[in-house]
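Welcome to this short tour. Open the model in your viewer, and follow each stop in turn.

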Amino acid sequence: MSHSGTDEKLVRMANQIATFFLSQPADVRVDGVALHINKFWEKRMRRRFFEMIDAHQDGFLPLVVEAAAKIERPDPVAAHSPSQMSPS
């Protein structure tokens, strides 16, 4: 499954958030980006974001990369085998 369209959108969204916070005082930029993403991005968006960050994907502004350390990393998706699934 290709993530390219979703990946481009996540990069664009993260960079838009960072661009806004670049107009704020330097001491609130990193926390502002992280707080916004933590508050408004659902887990699957943050999960994909970290897959991209961990792979050092190009395109993210330096402020986004710096803020990644303060963004809540969701648990990885657990693969469920039929024996692990609870009965209906």
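Select Trp41 first: beyond its neighbours within four places in sequence, Trp41 is in contact (heavy atoms within 4.5 Å) with Leu10, Met13, Ala14, Ile17, His36, Arg46 and Phe49. A note on what you are viewing: this is a predicted model, where local features need pLDDT of at least 70, side-chain atom pairs count only at pLDDT 80 or more, and totals for chains, interfaces and linings use all residues. Residues are numbered from 1 along each chain as its sequence is written, and side-chain values use heavy atoms, leaving out hydrogens and water.

Next, add Val33, Phe49 and Phe60 to Trp41; these four have the most contacts inside the largest nonpolar core, a group of 21 residues. Such a core is a set of buried Ala, Val, Leu, Ile, Met, Phe, Trp, Tyr and Cys residues joined through side-chain atoms within 4.5 Å; buried means under 20% relative accessible area, with a 1.4 Å probe and protein chains only. Two or more core residues come from each of H1, helix H2 (29-40), helix H3 (43-54) and helix H4 (62-67). H1 gives the most, with six residues.

Now move to Asp7, which sits in helix H1 (residues 4-21). Is Asp7 buried or exposed? Asp7 counts as buried because its relative accessibility is 8%. Leaving out residues up to four places away in sequence, Asp7 touches Arg48, Met52 and Gln57.

Finally, zoom out. The protein has four helices and zero strands, where helices are DSSP runs of H or I with at least four residues and strands are runs of E with at least two, numbered from the N terminus. Buried residues make up 32% of its 88 residues.

Note on methods
Buried < 20%, exposed > 50% of the residue type's maximum accessible area, 1.4 Å probe, protein only.
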